[in-house]
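Please consider the structure shown here together with its sequence. The account that follows is meant to be read alongside both.

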Amino acid sequence: MVFLLSLCFLFGIFAGRGAALYAYDAAGASAASYIASFVDRRSGEYPAALSVFGYFRYPTAAFLLGFIPFGAVLIPSALFLEAFSLSFAVNLFTLSLSEYGLFLALASIGFRYLFVLPCLFYISALSLRRSLVRAGMLRRENVSRGTASALIICAAVLFIGVVVERVALPTLLSYLSSFFT
């Protein structure tokens, strides 16, 4: 299960890289001004609800898709989309702002994925298995009680990520953006 999900994630990274190259060629200098405005917004007051949504959007979608048989197709697609958007953003930052863009991307986007990716892959693997059972492609296995506690741990990790991001990220982004002004 994890191998299939990893392949979808890897393909999303490559597709995001290609799309970022195309977008940068088409947008040129306006991409740098867009990224600068993004960093300014993130270094200032940022609504807490958007932070929570950013952390929980794909893990929650993967969890819910496990309850439908068609989730066996949609869960790998969700990982592809998550990797695509991550790769697109990081590559656009790097192309627009050179070496500083990489630091800004790691600070503003990469920090979140330290918390999200392990939880996303764990929840996606569980949900993909459950979805395949519902589709009749795998036989049903006993679900251990450890699964529920692992999901609670994932939710706690994601909430910790939200809190740490809300405390540390504005200061870090203000510091890094001082190199561009």
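The paragraphs below move from the overall architecture to individual helices and residues.

The model is predicted. Its chain contains 5 helices and 0 strands, and the order along the sequence is accordingly α-α-α-α-α. Of the 181 residues in the chain, 39% are buried. Among contacts with a separation of 6 or more, 86% join residues 24 or more positions apart. The chain exposes about 10000 Å², and 72% of that area is supplied by carbon and sulfur atoms.

Helix 1 offers a convenient starting point. This element has 26 residues, and the distance from its first C-alpha to its last is 36 Å, close to the 38 Å expected at 1.5 Å a residue. The buried residues of helix 1 are Leu5, Cys8, Phe9, Gly12, Gly16 and Ala20, and helix 4 is included in what covers them. For cysteine 8 the relative accessible area is 16%, and this residue is therefore classed as buried, the limit being under 20%. Phenylalanine 14 belongs to helix 1 as well, which covers residues 2–27. Because its relative accessible area is 53%, above the 50% limit, phenylalanine 14 counts as exposed. Between the C-alpha atoms of phenylalanine 14 and phenylalanine 80 the separation is 9.9 Å, although their positions lie 66 residues apart along the chain.

Helix 3 comes next. What span should its 18 residues have at 1.5 Å a residue? The expected value for residues 48–65 is 26 Å, and the end C-alpha atoms are 25 Å apart, which agrees. Helix 3 nevertheless has a kink of about 45° at phenylalanine 56, shortly before proline 59. Both of these residues are buried, as are Ser51, Gly54, Tyr55, Tyr58, Ala62 and Leu65 of helix 3.

Helix 4 presents another case. A straight helix of 64 residues would span 94 Å at 1.5 Å a residue, whereas the end C-alpha atoms of helix 4, residues 71–134, are only 9 Å apart. Within helix 4 there is a kink of about 145°, centred on leucine 97. Just after helix 4, glycine 136 adopts a positive phi of about 85°.

Several residues of helix 4 show how this element is placed in the chain. Serine 85 lies in helix 4 and is partly exposed, with a relative accessible area of 32%. The C-alpha atoms of serine 85 and arginine 17 are 9.4 Å apart, and the two residues are separated by 68 residues along the chain. Leucine 120 is also found in helix 4. Is leucine 120 buried or exposed? Its relative accessibility is 1%, so leucine 120 counts as buried. Beyond its neighbours within four places in sequence, leucine 120 is in contact with Tyr58, Pro59, Ala62, Leu79 and Glu82. Among these partners, Tyr58, Pro59 and Ala62 are buried residues of helix 3.

Leucine 120 also leads to the cysteines. Its C-alpha is 8.6 Å from that of cysteine 154, and the two residues are 34 apart in sequence. Cysteine 154 is buried, with a relative accessible area of 8%. A disulfide is a covalent bond between the sulfur atoms of two cysteines. Why does cysteine 154 form no such bond with cysteine 119? The closest cysteine sulfur to that of cysteine 154 is in cysteine 119, at 3.7 Å, which is too far for a bond because the cut-off is 2.5 Å. The structure as a whole holds 0 disulfides.

The final feature concerns charge. Side chains of opposite charge can pair when their charged atoms come close. The count of salt bridges in the model is 1. Arginine 112 forms a salt bridge with glutamate 165, and the closest N and O atoms are 3.1 Å apart. This pair links distant parts of the chain, since arginine 112 is in helix 4 and glutamate 165 is in helix 5, residues 145–177, with their positions 53 residues apart. Both partners are buried: arginine 112 has a relative accessible area of 10%, and glutamate 165 has one of 2%.

Technical notes:
Residues numbered from 1 in each chain as written. Predicted model: local features only at pLDDT ≥ 70, side-chain atom pairs only at ≥ 80, totals over all residues. Heavy atoms only, no water. Helix = DSSP H or I, 4+ residues; strand = E, 2+ residues; numbered from the N terminus. Buried < 20%, exposed > 50% of the residue type's maximum accessible area, 1.4 Å probe, protein only. Contact = heavy atoms within 4.5 Å. Areas by Shrake-Rupley, 256 points an atom, 1.4 Å probe, with all protein chains shown as cover. Expected span 1.5 Å × (residues − 1). Bend = angle between axes of the 7 residues up to and from the residue. Salt bridge = Lys/Arg side-chain N within 4 Å of Asp/Glu carboxyl O.
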